[in-house]
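Thank you all for making time this morning. I would like to walk you through a structure that most of you have not seen before, so please have a look at it while I talk.

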Amino acid sequence: MARILIVEDEEDLAGLLDYNLRGAGHVPTVASTGAAALARLKSAQPELVLLDLMLPDIPGSEVARLIREQPEFARTPLIMVTARGEESDRVRGLELGADDYVVKPFSVKELLLRVNAVLRRSEGMAAERGTPLSSGAIRLDPARHEVRVEGEPVALTALEFRLLKTFLERPGRVQTRETLLSDVWGISAEVTTRTVDTHIKRLREKLGRAGDAIETVRGVGYRMGPG
Ligand code: CA
C-alpha cells in the first residue's frame, strides 16, 4: 500500500488508474496538470509518482526535474508514462532519474506490476540506506538522502554526503586521510590525500557554524565528535 500521485491530463485514463490503484490497496491522488502536481506534492506526500510526459502546461520531464530538485522528494520513485513515438522524451525522462516507464496504450495489469516492482525496489533501497544519523545540529537522513543543520536543508554533492555520513557513522574516531580515501572515494580513485582536505573544507563551509564539528587532527586526519 502506497500513496501514489497520478499526473495525467486524460481524464478517462486518470480515472482508470485511480480506480485500479485504489482497488490494489494504494492511496492515489490525481493531478491533471504539472502545476497541480507540484502544488499537491507536499500534501499528497507521494511514495511514487506516475507522470505523463505530455501535459497541457509543463512538460513531464520538467515536472520530474522540479520534483527531484526538492530534497524531500529527490528519491521518490517516478514512473514515466509516454505515448508511442516520444522516444526523446522517454530518454530524457530516464536521464532525469525516472525509475521506469510505460508506453501508452498499456494494460492496467502491466502498470500495476511495474508500480509494485518499483515500490519494492525503493523500499529495499530505503532499508539499505538506513536510519537517520545526527551530531549536534547536524542531521543526516540516508533514506531521504537529506542533510539538515538546525532543521534547514543543506545541499551536498553525493561525495560530500558520503563523507559526512562516514564521520557520523564513526563518532569520535579519527579518520586518516587514507581511510577516507578508500572508504569515501573508493580504492580505485585517482585522487591524492590533498583532495580529502579540499572536500573537507567545502563540506565545513556548507555546514556553516556546525562545520566546526569536523576537527582537524594534525598530521593524522579528521574527527567528528559524537555531538
Ligand atoms: Ca497527456
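Let me begin with one proline, Pro-59, which counts as partly exposed because its relative accessibility is 46%, and partly exposed here stands for the range between under 20%, which is buried, and over 50%, which is exposed. Pro-59 sits in the loop that runs between strand 3 and helix 3, the latter covering 60–68. Its C-alpha atom is separated by 9.5 Å from that of Thr-33, a residue 26 positions away along the chain. Please keep in mind throughout that this is a predicted model.

From there I would like to turn to the metal site. Which residues coordinate the calcium ion? They are Asp-9 and Asp-52, each through OD, together with Met-54 through O, at 2.1 to 2.3 Å. Written as a sequence pattern, the spacing of these donor residues is D-x42-D-x1-M. The two aspartates link distant parts of the chain, since Asp-9 belongs to the loop between strand 1 (3–7) and helix 1 (11–23), while Asp-52 belongs to strand 3 (residues 48–52), 43 residues apart. Are these two aspartates buried or exposed? Asp-52 is buried, with a relative accessible area of 2%, whereas Asp-9, with a relative accessible area of 32%, is partly exposed.

Next come the salt bridges, of which a search of the whole structure finds 19, and I will take you through three of them.

In one of them, the side chains of Glu-160 and Lys-206 meet at 2.7 Å, N to O. This pair also links distant parts of the chain, with Glu-160 in helix 6 (residues 158–169) and Lys-206 in helix 8 (residues 193–207), 46 residues apart. Glu-160 counts as buried because its relative accessibility is 1%, while Lys-206, at 33% relative accessibility, counts as partly exposed.

Another salt bridge is formed by Arg-170 and Asp-183, whose closest N and O atoms are 2.9 Å apart. Arg-170 lies in the loop between helix 6 and strand 10 (175–176) and Asp-183 in helix 7 (residues 177–185), so this pair ties together parts that are 13 residues apart in sequence. Asp-183 is partly exposed, its relative accessible area being 38%.

Then there is the salt bridge between Arg-177 and Asp-197, where the closest N and O atoms are 2.7 Å apart. Arg-177 is in helix 7 and Asp-197 in helix 8, so to speak two distant parts of the chain that the pair links, 20 residues apart. With a relative accessible area of 17%, Arg-177 is buried, and Asp-197, with 26%, is partly exposed. Salt bridges that share partners also join Glu-8, Glu-10, Asp-52 and Lys-104 into one network, and you will recognise Asp-52 from the calcium ion.

Finally, let us look at the largest pocket, which has a volume of about 470 Å³. Of the 23 residues that line this pocket, those closest to its centre are Glu-47, Arg-75, Thr-76, Pro-77 and Ser-122. Which helix gives the most to the lining of the largest pocket? That is helix 5 (residues 108–129), which contributes eight residues. By character, the lining residues divide into 10 nonpolar, three polar and 10 charged.

That is where I will stop, and I am glad to take questions.

Conventions: Residues numbered from 1 in each chain as written. Predicted model: local features only at pLDDT ≥ 70, side-chain atom pairs only at ≥ 80, totals over all residues. Heavy atoms only, no water. Donors = N, O, S within 2.8 Å, 3.2 Å for Na, K, Ca; no water. Helix = DSSP H or I, 4+ residues; strand = E, 2+ residues; numbered from the N terminus. Buried < 20%, exposed > 50% of the residue type's maximum accessible area, 1.4 Å probe, protein only. 1 Å grid on protein atoms, 1.4 Å probe; cavity = no way out; pocket = protein on both sides within 12 Å on 5 of 7 lines; lining within 4 Å. Points joined across faces, edges and corners; volume = space filled by probe spheres on them. Nonpolar A, V, L, I, M, F, W, Y, C, P; charged D, E, K, R; others polar. Salt bridge = Lys/Arg side-chain N within 4 Å of Asp/Glu carboxyl O.
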